[in-house]
Amino acid sequence: MKKVLNVMILFSAAFYSKAMAQDASIFPKGEISTTDNHTGTIWLNELSKPDSLLNYSIAVATYEAGAKLDWHIHPAGQILLITEGTGYYQEKGKPIQIVHKGDIIKCLPGVAHWHGASPGSSFAYIAVTPAQNGKTIWLKRVTDKEYQAGK
């Protein structure tokens with residue numbers, strides 16, 4: 001019986017260790033954003049800035065549960081690779097999409113949208129943003145009514 005218990009403990013520890021390793025983020029969270037274009041706590045880690053050879057940025061954004069960006073537009077579009085949690089994505093005039101780890105979102109050029117964490121989950125993604133048509137255009141805050149439409 002003691003042998004069986006020891007084997008079960010070792011198996012459980014190995015399984016837990018592997019599960020935790022799979023959930024670990026590849027990149028650090030970065031710094032807490034202090035810009036006035038979101039509500040809640042969001043960490044940002046800019047991995048690669050645009051330059052003369054490759055004119056796009058790559059960043060990791062990590063949101064605490066309930067945090068969200070304001071409505072905004074990317075003049076050249078953006079691709080989000082969801083790496084953690086459950087979040088919301090909404091384009092102007094369309095219903096909220098619930099997104100999960102492993103989803104890919106294509107934010108079309110010039111389309112107003114917002115994205116953020118769901119109320120009960122943190123949320124993270126890698127963002128690839130072309131810079132050739134200018135910087136992000138920030139619009140208004142997401143209202144409580146708009147956000148709660150995702151529930």
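The following questions and answers concern a predicted model of a protein chain.

Student: How many helices and strands does the secondary structure of the protein chain come to?
Tutor: Read from the N terminus on, the elements of this predicted model run α-β-β-β-β-β-β-β-β-β-β-β-β-α, with a helix at either end of that order. Counted by kind, the secondary structure comes to two helices and twelve strands.

Student: Which strand pairs with β4 over eight bridges?
Tutor: Strand β3, residues 42-48, pairs with β4 in the antiparallel sense, but over six bridges, and there Ser-48 has Ile-58 of β4 as its bridge partner. Tyr-63 has its bridge partner, Phe-123, in another strand, β11. The antiparallel pairing over eight bridges is therefore, with buried cut-offs playing no part and two bridges being enough for strands to pair, the one that joins β4 to the strand of residues 123-130, β11.

Student: How many of the eight residues of strand β4 are buried?
Tutor: A residue counts as buried when its relative accessible area is under 20%, and 34% of the 151 residues of the protein chain count as such. Strand β4, residues 56-63, is largely enclosed by the rest of the structure, because the number of its residues that are buried is six.

Student: Which strand gives the most to the lining of the largest pocket?
Tutor: The largest pocket has a volume of about 750 Å³, and of the 26 residues that line it, the closest to its centre are Leu-44, Ser-57, His-74, Thr-136 and Trp-138. At least two lining residues are supplied by each of β3, β4 and β11. The strand that gives the most, with four residues, is β11.

Student: Is Ile-26 buried or exposed?
Tutor: Ile-26 is found in the loop between α1 (2-23) and β1 (31-32), and together with Phe-27 and Leu-47 it forms a nonpolar patch on the surface, with about 290 Å² of accessible area between the three. Since exposed means over 50% relative accessible area, and the value for Ile-26 is 73%, this residue is exposed.

Student: How far apart in space are Gly-77 and Gly-110, C-alpha to C-alpha?
Tutor: Gly-77 lies in the loop between β6 (72-73) and β7 (78-91), and at 3% relative accessibility this glycine counts as buried. In sequence, Gly-77 and Gly-110 are 33 residues apart, whereas the C-alpha to C-alpha distance between them in space is 6.8 Å.

Notes
Residues are numbered from 1 along each chain as its sequence is written. This is a predicted model: local features need pLDDT of at least 70, side-chain atom pairs count only at pLDDT 80 or more; totals for chains, interfaces and linings use all residues. Side-chain values use heavy atoms; hydrogens and water are left out. Patches are made of residues with over 30% relative accessible area and no salt bridge: like charges are joined within 9 Å, nonpolar side chains (Val, Leu, Ile, Met, Phe, Trp, Tyr) within 5 Å. Accessible areas come from the Shrake-Rupley method with a 1.4 Å probe; for residues, only the protein chains shown count as cover. A salt bridge is a side-chain nitrogen of Lys or Arg within 4 Å of a carboxyl oxygen of Asp or Glu. Buried means under 20% relative accessible area, exposed over 50%, partly exposed in between (1.4 Å probe, protein chains only). On a 1 Å grid over the protein atoms alone, a cavity is a set of points where a 1.4 Å probe fits but cannot get out, and a pocket is an open set with protein on both sides within 12 Å along at least five of seven lines; lining residues have an atom within 4 Å of a point. Grid points are joined across faces, edges and corners, and a volume is the space filled by probe spheres set on the points.
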